[in-house]
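Me: I'd like a close look at one part of this predicted model: the place where the two chains meet. Could you walk me through that contact, and then through whatever around it helps to place it?

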Amino acid sequence: PPAHSHSDWIGPPDKHSNLRPVIFYVPPEESALERRLREARQEAQASNQRFWARHNRAFRQEKEEFVYSRLKAKGLEMRDESGQKATLNAEEMAEFYKDFLNKNFKKHLQYNRDWYKHNFRITFLMGQVALVRALRWLRGRKKNVEQ
Amino acid sequence: GLFVWRLRNAAAWKIPCRFVHLYHVASNRLITFQYFNFLKRMYVTQCNKDLSQRAKPKSDSIASPFHELQQLDQEKKVVHKISSVSPVHQLWSEMSSRNELREMKSAAETEDSVIPVGVESKEDRQWKEMKLRLDDLPGILARLSKIKLTALVVSTASAGFAMAPVPFELTCFLLASLGTGLASCAANSINQFFEVPFDSNMNRTKNRPLVRGQISPLLAVCFAASCGIPGIALLTLGVNPLTGALGAFNIFLYTCCYTPLKRMSIANTWVGAVVGAIPPIMGWTAATGSLDAGALLLGGILYSWQFPHFNALSWGLREDYSRGGYCMMSVTHPGLCRRVALRHCLALIGLSMVAPVLNITTWTFPVISLPINLYISYLGFRFYRDADRSSSRKLFFCSLWHLPMLLLVMFTCKKSVLEKEDKGDLRGGSHEMAMEIRLP
């Protein structure tokens, strides 16, 4: 993002977590409240990034292992004559999906709790910041009117 | 069958979005055709307020018609080797190299080293300023409120209104529709607010406004409040308190029960089916002011319809659900998934039989609706037996036209109020009178 910009910038989805990273603008006269908001957002972003990158990587890896072990059991190679990667059909993969979901259930419950907490906190702080800014703007206008 | 075939072969993308035509499914056959086409194209079709379950079977074929045409050439692009893992702060420096990457569509065929979440257009790969542009706002809010789904919800509510055995009052109808629409917008916005990281990871939902940072969460919540509160107030004060209460309850059910439950237990599907069943009940209570057997029957029909519709759809999304952590029957209890779908297809036949018993429709309704109900049950049986992608898709697409058609037939077979007035020997016209003569 350009150096002169006064707003946050959001980027394309991360290749591992599929989340879009945000670069936060730090205004020179950032109030304590605004700083708390920014830090909360950064923390949430980092935590989400960690979770999803790790989770997606685990998914990919375990999927590969599953496909490999199944193909081996069937006596097939990972790639056939034309060099195409051999895949299992949907029904065979379904077993993997079921296992993966069940295995990660607790992890997801914990993540959900964390995510909801972050989300509410950030939104609440945003509300406070917006309110403060609105009051400041109103006060500024009142002063202009009086002058 | 013919309809479906025609729709499938129509060059759907040349027709622009026609949701404006979606006022009154029951009133005009012409509109119904456009409705089908619209449904077909958008794959949205369901009256349950949640869209995330209703993703299309193919990945990414919905993004936009133009998008699709462009992608046809890109489908064969070779994937560049993707550079090593990098945490968020390093991504900024690699931004320029990433701008050259292309990702292949469709997880099944890819040879990627990462989980592809669909093709990104050039625009998507750029860094964007997070500033709200006012001219973009209507489009953003439309997507936030899932406006097309809202339109479908409103149309089921209006079907409920139309089926109520009272003289038609236009103002009441319009107020009820508007109120329902606003409530639906609010519920959908809150749903998206809750699901940002999950939406980012699923193909169908990764282009939502909150995911892309086009709008802040605060604004999304404010929008939801500014739709929900006037919507419910309108229903409570402008229509009747019962409808308002149902609307508020439905918003609560959808946002606070269904949305979190999706990640905790398969019971979410049943809760979601109730969410979808409530709008026609609201339409009915808006017209009559009371919750009676007819309302519950209509709700029951919609409740049952949700299952073949959703279960068939979710069959093709098992990978995304598994990775995303969504607890869906298709992933964890596949046998149950198919059994329930079949069960409810058959239930639809039964419910259609009950309609004339409750004096809502004449006896021609079960007769005429039998073929379509039998057809969907047949497809439900095929899905139950074969449990494969093709049978799930057939069932899903059938459910798309089955519901509007069923509602339309129901409306045309509606027992006229006049007929009943003759029987009851009362003068027509007054609202209260109409209510009294409804049931023997």
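Reply: The contact draws 56 residues from chain B and 53 residues from chain A. Keep in mind that the model is predicted. Put together, chain B and chain A bury about 4900 Å² between them, and carbon and sulfur atoms carry 61% of that. On the chain B side, the biggest losses of area to chain A fall on B:Trp127, B:Met130 and B:Leu218, which together make up 13% of what that side buries.

Now for the charged and polar side of things. Across the interface of chain B and chain A there's one salt bridge. Its partners are B:Glu319 and A:Lys63, with the closest N and O atoms 3.0 Å apart. Polar contacts add to that: 16 residue pairs between chain B and chain A, with both residues at pLDDT 80 or more. If you want one element of chain B to click on, go for helix α15 (residues 318-324), which gives the most to the side that touches chain A, with six residues. Sorted by class, that side of chain B has 28 nonpolar, 14 polar and 14 charged residues.

Next, chain A, starting with the helix α1 region. Helix α1 of chain A spans residues 32-74, and it holds both A:Arg35 and A:Glu39, four residues apart, about one turn of the helix. These two form a salt bridge, with 3.2 Å between the closest N and O atoms. A:Arg35 is partly exposed, at a relative accessible area of 38%, and A:Glu39 is also partly exposed, with a relative accessible area of 38%.

Another salt bridge in chain A brings together A:Glu62 and A:Lys103, at 2.7 Å from N to O. This pair links distant parts of the chain: A:Glu62 sits in helix α1 and A:Lys103 in helix α2 (residues 90-103), 41 residues apart. A:Glu62 counts as partly exposed at 23% relative accessibility, while A:Lys103 is exposed, with a relative accessible area of 56%.

A:Arg38 is worth a look too. Its salt bridge partner is A:Glu30, with the closest N and O atoms 2.8 Å apart. A:Arg38 has a relative accessible area of 14%, so it counts as buried, the cut-off being under 20%.

Over all chains, the structure holds 13 salt bridges.

Back to chain B, to see what stands behind its side of the contact. Chain B has 21 helices and one strand. Of its 440 residues, 58% count as buried. Taking the contacts in chain B with a separation of 6 or more, 74% are between residues 24 or more positions apart.

The domain assignment splits chain B into domain 1 (134-290) and domain 2 (292-419). The C-alpha centres of these two domains of chain B are 21 Å apart. Where they touch, 31 residues of domain 1 of chain B are in contact with 32 residues of domain 2 of chain B. The area buried between the two domains of chain B is about 2700 Å², with 70% of it from carbon and sulfur atoms.

What about charge pairs there? Between domain 1 of chain B and domain 2 of chain B the count is zero salt bridges. Polar contacts do turn up: nine residue pairs across that domain interface, both residues at pLDDT 80 or more. On the domain 1 side of chain B, the elements that each supply at least two residues are α7 (147-163), α9 (196-200) and α13 (268-288). Helix α13 of chain B gives the most to that side, with eleven residues. By class, the residues on the side of domain 1 of chain B that touches domain 2 of chain B come out as 17 nonpolar, ten polar and four charged.

So here's a route for the viewer. Start at the salt bridge between B:Glu319 and A:Lys63, then move on to B:Trp127, B:Met130 and B:Leu218, which lose the most area to chain A within chain B. From there, visit the pair A:Glu62 and A:Lys103 in chain A, where a salt bridge links helix α1 with helix α2. Finish inside chain B at α13, the helix that gives the most to the side of domain 1 that touches domain 2.

Definitions and conventions:
Residues are numbered from 1 along each chain as its sequence is written. Chains are lettered from A and ligands numbered from 1 in the order in which they are written. This is a predicted model: local features need pLDDT of at least 70, side-chain atom pairs count only at pLDDT 80 or more; totals for chains, interfaces and linings use all residues. Side-chain values use heavy atoms; hydrogens and water are left out. Domain bounds come from an automatic or database domain assignment. Contact means heavy atoms within 4.5 Å. Buried area is the accessible area (1.4 Å probe) that two parts lose on being put together, summed over both. A salt bridge is a side-chain nitrogen of Lys or Arg within 4 Å of a carboxyl oxygen of Asp or Glu. A polar contact is a pair of N or O atoms within 3.5 Å; within protein, one must be able to donate a hydrogen and the other to accept it, and residues adjacent in sequence count only if both atoms are side-chain atoms. Ala, Val, Leu, Ile, Met, Phe, Trp, Tyr, Cys and Pro count as nonpolar, Asp, Glu, Lys and Arg as charged, and the others, Gly among them, as polar. Buried means under 20% relative accessible area, exposed over 50%, partly exposed in between (1.4 Å probe, protein chains only).
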